[in-house]
Structure formats: C-alpha cells, structure tokens
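Open the model in your viewer and keep the sequence panel beside it. This tour tells you what to select at each stop and what is there.

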Amino acid sequence: MRTNLPVTQKEFLLRDGLTIVSKTDLKGRITYINEDFIEASGFQSSELIGQPHNLVRHPDMPAEAFADLWRTLQAGRPWTGLVKNRRKDGDHYWVVANATPIREGSEVVGYMSVRTRPTREQVEMAEDLYARIREGRAPGISVIEGKPVKTGGLARINVLSKVWTHASVGGKFSMLGALAALTVAGSVVASIKPDPLLISWPVVTGALMLWGGRAFGTAHHQADALGRRSHGTVWSGEFRRRGRCLGA
C-alpha cells in the first residue's frame with residue numbers, strides 16, 4: 001500500500017456544505033476533480049489530474065479498509081466508509097467516502113467518488129477503531145463493505161452471551177441444564193477416548209456464556225455502535241466509490 005509522508009497529525013476541518021467529487025479511469029488515475037477537492041487536499045489541479053487517486057491516502061488508514069473497498073467493488077457492490085486523507089502539507093481531513101463505478105451501457109469505464117464531512121462522533125470512533133485494527137488490537141473485527149463487523153468465533157460466542165443475558169429465569173435454568181448434560185456427555189466421551197478438547201469445550205462455552213461476553217473488549221462495542229449507525233446518519237451515502245488505487 002502506498003505510504004504518503006510526511007504527516008503532521010493536524011486536522012483540516014472541512015467547511016459546511018463542502019462536497020468533494022472526483023472521477024478516475026479503470027487504473028485509478030484521476031480524470032476529474034471539482035474545486036472542493038482542491039480546497040480539501042491542498043493540491044492544485046495540475047498536480048492531481050493524471051495521478052493515482054491514492055495520492056491523498058493517509059498512512060493511518062488500515063490496509064484492510066482498502067482491501068475491503070476493492071473486494072467489495074470487484075463484486076459489483078457499492079462501498080461507503082469513513083476515510084482519513086492526507087493533504088499536500090501533511091495535515092489530514094476526514095470524510096464519509098462513497099463510490100460507484102461509472103458505466104456506459106453494461107461496461108464499467110471508470111469510478112466516481114463523492115465525499116462529505118463526517119460528524120465528530122464518527123471521526124472519534126473511526127480513528128480509535130482504525131488504530132486498534134492497525135495495531136492488531138481488534139480481534140474478531142473485520143471491515144466489510146466499509147463497515148466494521150464482528151466475525152469469526154468471537155462473534156458466535158458473543159451471540160451466546162446475548163442469548164443468556166436476555167433469557168428469562170426459566171430459560172437460564174434450561175440452558176444450565178443443557179450445559180450440565182453436555183458436561184456429562186463430555187465425561188462419557190472421555191472415558192471412551194480421552195481428548196482434552198472434547199472434554200473442555202462444553203465447559204468453556206458455558207463459562208463464556210455466563211460471563212456475558214465482557215472480555216470481548218472495547219473494539220467489539222465500537223463495531224456494534226458503528227454498525228448500527230451505518231444504517232442511518234453515520235456511514236451512509238447515495239454514491240459509492242471504487243478503485244485499486246483510490247485513496248478516498
């Protein structure tokens with residue numbers, strides 16, 4: 001992934017009503033920009049036209065986000081996400097980035113990107129979550145179609161914890177009975193074929209279920225919050241963006 005340096009970690013706040021629009025060819029080279037793009041990026045038109053769109057990519061963006069962008073759009077689906085971009089002077093600006101392929105008939109001939117200013121809440125949540133992803137501190141969290149989503153075994157165990165939390169007293173007794181039955185079954189299996197994994201998995205699952213999922217960490221709660229907001233005012237938009245070289 002392209003690394004653009006230096007960076008200052010100073011934020012350039014986009015003004016109200018600013019809408020950044022750009023178009024690229026199939027290789028991600030910029031073919032069109034509007035005046036708002038020039039204002040936000042700090043580059044001149046002559047420095048942008050013909051250049052790869054990832055010219056404005058910020059190194060703080062996790063590689064997973066752009067891999068997801070490309071994977072999603074290759075599958076013909078739209079993409080919307082929070083993106084931190086780098087300005088020419090090394091400062092940065094945050095956008096809600098949306099992209100769509102440009103079609104002529106049934107053929108894709110390029111890509112269009114439309115970006116707007118996010119809220120402070122969006123920026124703070126995305127910045128923290130992206131840092132966790134970069135540093136490997138967000139196990140079980142993936143970026144899918146621009147949105148953070150719980151995946152893998154942790155997500156399945158978390159479902160169990162939610163079932164336990166919302167179960168009635170009778171339901172919890174039933175679940176404990178099932179856990180006891182699984183434990184007995186594990187003991188029977190162990191007497192036939194000793195296997196630590198077969199013996200321990202019912203107990204571990206039950207303990208995690210009773211635990212209520214508290215050990216899944218802040219990243220999972222953030223993914224829940226961002227995921228919920230993605231259906232409303234947070235990571236939504238009419239246009240979507242695409243491109244292997246797109247930096248937002």
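## Stop 1: Asn4 and its partners

Select Asn4 and Asn54. A polar atom of the Asn4 side chain lies 2.9 Å from the backbone oxygen of Asn54. Now add Arg57. Its backbone oxygen is 2.8 Å from a polar atom of the Asn4 side chain. Keep in mind that this is a predicted model.

Where along the chain is Asn4? Asn4 sits in the segment before β1, the strand of residues 19-24. Is Asn4 buried or exposed? Its relative accessibility is 6%, so Asn4 counts as buried. Show its surroundings next. Beyond neighbours within four places in sequence, Asn4 is in contact with Asn54, Leu55, Val56, Arg57, Pro59 and Arg86.

## Stop 2: the whole chain

Zoom out and switch to a cartoon view. The protein chain has 8 helices and 7 strands. Of its 248 residues, 43% count as buried. Turn on the surface. The accessible surface of the chain comes to about 12,500 Å². Carbon and sulfur atoms account for 58% of that surface.

How do contacts relate to sequence distance? Take contacts between residues at least 6 apart in sequence: 63% of them join residues at least 24 apart.

## Stop 3: strand β1 and its two partners

Select β1, residues 19-24. Add β5, residues 107-116. These strands run antiparallel, and 6 bridges join them. For one pair, pick Thr19: its bridge partner in β5 is Thr116.

Now add β2, residues 30-33. β1 and β2 also run antiparallel, joined by 3 bridges. Pick Lys23 here. Its bridge partner in β2 is Tyr32. β1 and β2 form a hairpin with 5 residues between them. Which residue in the turn has a positive phi? Select Gly28: its phi is about 85°.

## Stop 4: Ile20

Stay in β1 and select Ile20, which lies in this strand. Ile20 has a relative accessible area of 0%, so Ile20 is buried. Draw a distance from its C-alpha atom to that of Ile33. The gap is 7.9 Å, for two residues that are 13 apart along the chain.

What surrounds Ile20? Leave out residues up to four places away in sequence. Ile20 then touches Leu14, Asn34, Asp36, Phe37, Ala40, Tyr93, Val95, Ser113, Val114 and Arg115.

## Stop 5: the nonpolar core

How many residues are in the largest nonpolar core? There are 33. Select the ones with the most contacts inside this core: Leu14, Ile20, Leu48, Val83, Tyr93, Val95 and Tyr130. Ile20 from the last stop is one of them.

Colour the elements that give two or more residues to this core. They are β2, α1 (35-41), α3 (63-74), β3, β4, α4 (120-134) and β6 (141-144).

## Stop 6: salt bridges

Hide the core and look for charged pairs. The whole structure has 12 salt bridges. Visit these next.

- **Asp25 and Arg29.** Their closest N and O atoms are 3.0 Å apart. Asp25 counts as buried at 19% relative accessibility, whereas Arg29 is partly exposed, at 36%. The cut-off for buried is under 20%.
- **Glu47 and Lys88.** Here the closest N and O atoms are 2.7 Å apart. Glu47 belongs to helix α2 (residues 45-48), and Lys88 to the loop between β3 (79-86) and β4 (92-104), so the pair ties together parts that are 41 residues apart in sequence. Glu47 is partly exposed, at 29% relative accessibility. Lys88 is partly exposed too, with a relative accessible area of 40%.
- **Asp89 and Arg87.** The closest N and O atoms of this salt bridge are 3.5 Å apart. Asp89 is partly exposed, with a relative accessible area of 44%. Arg87 is buried, with 11%.

Finish with a network. Select Arg15, Asp36 and Glu39: salt bridges link these residues. You have met Asp36 before, as one of the residues that Ile20 touches.

Note on methods. Residues are numbered from 1 along each chain as its sequence is written. This is a predicted model: local features need pLDDT of at least 70, side-chain atom pairs count only at pLDDT 80 or more; totals for chains, interfaces and linings use all residues. Side-chain values use heavy atoms; hydrogens and water are left out. Helices (H or I, at least four residues) and strands (E, at least two) are DSSP runs, numbered from the N terminus. Buried means under 20% relative accessible area, exposed over 50%, partly exposed in between (1.4 Å probe, protein chains only). A polar contact is a pair of N or O atoms within 3.5 Å; within protein, one must be able to donate a hydrogen and the other to accept it, and residues adjacent in sequence count only if both atoms are side-chain atoms. Contact means heavy atoms within 4.5 Å. A salt bridge is a side-chain nitrogen of Lys or Arg within 4 Å of a carboxyl oxygen of Asp or Glu. A nonpolar core is a set of buried Ala, Val, Leu, Ile, Met, Phe, Trp, Tyr and Cys residues joined through side-chain atoms within 4.5 Å. Accessible areas come from the Shrake-Rupley method with a 1.4 Å probe; for residues, only the protein chains shown count as cover. Two strands pair if DSSP finds at least two bridges between them.
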